[in-house]
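Reader: Before we discuss the labels, please show me the model they were applied to.

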Amino acid sequence: MECYNVREQEEEEILEPMSPMGQFIKSSVLSFTIIGVMEFEIPFDDSNTMALLQDLFLPINPRFSSILVEEKDGVKKWKRVEVNLKDHIVIPTFPKIENPPYLYDQDFKNYLAELNSSQLPQNQPLWEIHIIKYPTSDAAGYLIFKLHHSLGDGYSLVGALLSCLRRVDDPSLPLTFPSIRSNVEKKKKKGGILSFVTTVPKIVFGVFNTLYDFGWDVWRSNVWEDDISPIRSGTEGVEFQPVDITTVNISLDRIKEIKTKLNVTVNDVITGAINLGCRLYMQQTSYESRSAHTTELVLLNTRFLSGPAGYKSVSEMVKPNSEMPWGNYFSFLNILLPKLNDRNLSNPLEYVYTAHKMINRKKNSAAIYMTGFMLEAMRRLVGPQVASKYIHRTLKHASMTISHVIGPDDQMALDNHPVKGLYFYVGGDPQSLVLTIISYAGSLRIAILVERGFIDAEKFKSCIENALDMIHKAAFRSP
């Protein structure tokens, strides 16, 4: 990783330390970028871009005006610098068309793929804005944010984004979000003797699950790898290979219908549909692979384990000891994909129920905390590079990663430009398949990033849609 050495005369400056997780995901071993895409209903007028960035974006967090520096002892910190906004704004030019009108769908897809592989300049704050003025079948124009993951995770960066946008129906009203309750809040409602009787067995099973999960995670990260399959090439340096990107748009009401019918969560339905879709794709590509040993890593926002769920204002997130702090607070749930067979092919609801059972069990295990303690011990004893290598192996040995961020229920606008759609994806993951999900204005958008030439993105997308159809039909066929 490129950093800048602090000069002698700057040694007394007060610099913000880089968080442990930030050090893990910004190294020579591992480097993630988050690329957020806003689709507009009307062409984007960039005349106010500089003012918007200066007045709305930069004040959100000092990290947007900071670069990474490295002190003599190797400790990395954030150092405030003057920001030249022109260096952070990119307005690309696509090839001219002989016979307009023309929709630039393929040009836009190619641009996203190239954006995924390009590196952020290290001599300036780690973010860029890309303004696309060419229409596609999805939008009249685009604004793309490219930020390094060390600036913050999806929760932080979506919170930052939302502070710059307003509701279309009434800009004076705050944005609203789907209601979610944390495990802590649910547990507070229980009490008395019945609670004691049910809690003791849970503690015993929790201890067993924790030891089992932690041991399995360490074994899988260091020794055991998933089988090579149609969704896992196992290519060394796969994170540097060209990619293809596509998206799936799903009605949130449809997901909620299944959720209510099966008495599970939205996440359970989505994960079940993705897992079934993966197996359908694997079977269509190579029949034998439908029973391959395949695992996924589901990202978990660890803030929701210990505090009230929901977004806070940016001013609240950056306060010391905030309940929902800014930064990178996430962990991985290691989930084994059910093998595809004639039984669960005829009853696809098994994929939803299995996801529900596995995610609940993993969330009630303390293995994620033990993994966090282990990574911190590695950082202190042998340096953050070793911890980065451990996370890299964890990702590389699995077949895919799923990340889910909650977005607003209301349609938003940026500088009077209504946002038609919203999605994001993560670059730098050493896997052939990465899926990212965000809800927005009654829809779920799944972004699918695949290794080019190895996974057929459009075929995989079709399998996800087919899997959701199968689950929906089965849910309302059951009594």
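Reader: Which residues of α8 do L252, I255, K256, I258 and K259 in α7 meet?

Author: These five residues of α7 meet V266, V269 and I270 in α8, where a contact means heavy atoms within 4.5 Å. This is a predicted model, in which local features need pLDDT of at least 70 and side-chain atom pairs count only at pLDDT 80 or more, while totals for chains, interfaces and linings use all residues. Residues are numbered from 1 along each chain as its sequence is written, and side-chain values use heavy atoms, with hydrogens and water left out.

Reader: How do the residues of the contact of α7 with α8 divide into nonpolar, polar and charged?

Author: Six are nonpolar, none is polar and two are charged. The classes are fixed by residue type: Ala, Val, Leu, Ile, Met, Phe, Trp, Tyr, Cys and Pro count as nonpolar, Asp, Glu, Lys and Arg as charged, and the others, Gly among them, as polar.

Reader: Why is α7 described by that particular word for its direction relative to α8?

Author: The axes of α7 (residues 252-262) and α8 (residues 266-285) come within 9 Å and cross at roughly 100°. That makes α7 roughly perpendicular to α8, because angles of 65 to 115 degrees carry that name, whereas those under 35 count as roughly parallel, those over 145 as roughly antiparallel and the rest as oblique. The axes are lines fitted to C-alpha atoms, for helices over the stretch in contact, and the angles run from 0 to 180 degrees between N-to-C directions.

Reader: What makes a stretch a helix or a strand, and how many of each are there in the chain?

Author: Helices (H or I, at least four residues) and strands (E, at least two) are DSSP runs numbered from the N terminus, and the chain has 15 helices and 17 strands.

Reader: How do you know that strand β3 and β15 pair, and in which sense do they run?

Author: Two strands pair if DSSP finds at least two bridges between them; eight bridges join β3 (residues 33-40) to β15, and the two run antiparallel. One of the positions is E39, whose bridge partner in β15 is G421. On β14 (residues 412-414), the antiparallel pairing with β15 rests on two bridges, which therefore meets the minimum of at least two, and A413 stands opposite P418 in β15.

Reader: What is the strand order of the seven-stranded open sheet, and why are β6 and β9 placed at its edges?

Author: The order is β6-β7-β8-β3-β15-β14-β9, with mixed pairing. The strands β6 (89-90) and β9 (166-167) each have a single partner strand, so one side of each is left without a neighbour in the sheet. Between β7 (residues 127-132) and β8 (residues 141-148), which run antiparallel, there are six bridges, and I131 has L143 of β8 as its bridge partner. Helix α3 (residues 105-117) packs on this sheet, touching β3, β6, β7, β8 and β15, with its direction at about 45° to that of β15. Helix α4 (residues 154-162) also packs on the sheet, touching β3, β8, β9, β14 and β15, and its direction makes about 35° with that of β3.

Reader: What makes β15 count as mostly covered?

Author: Of the 11 residues of β15 (residues 417-427), 10 are buried, where buried means under 20% relative accessible area, exposed means over 50%, and partly exposed lies in between (1.4 Å probe, protein chains only). For the chain of 479 residues, 54% count as buried.

Reader: Why is I60 assigned to its accessibility class, and where is I60 found?

Author: The relative accessibility of I60 is 10%, which means that I60 counts as buried; this residue is found in the loop between α2 (49-57) and β4 (66-70). I60 and A160 are 100 residues apart in sequence and 6.5 Å apart in space, C-alpha to C-alpha.

Reader: What is remarked about the phi of D415, and is D415 buried or partly exposed?

Author: D415 has a positive phi of about 50° although it is not a glycine, and its place is in the loop between β14 and β15. Its relative accessible area is 26%, so D415 is partly exposed. As background, most residues other than glycine have a negative phi. A441, in the loop between β16 (433-440) and β17, likewise has a positive phi of about 50° without being a glycine, and A441 is partly exposed with a relative accessible area of 35%.
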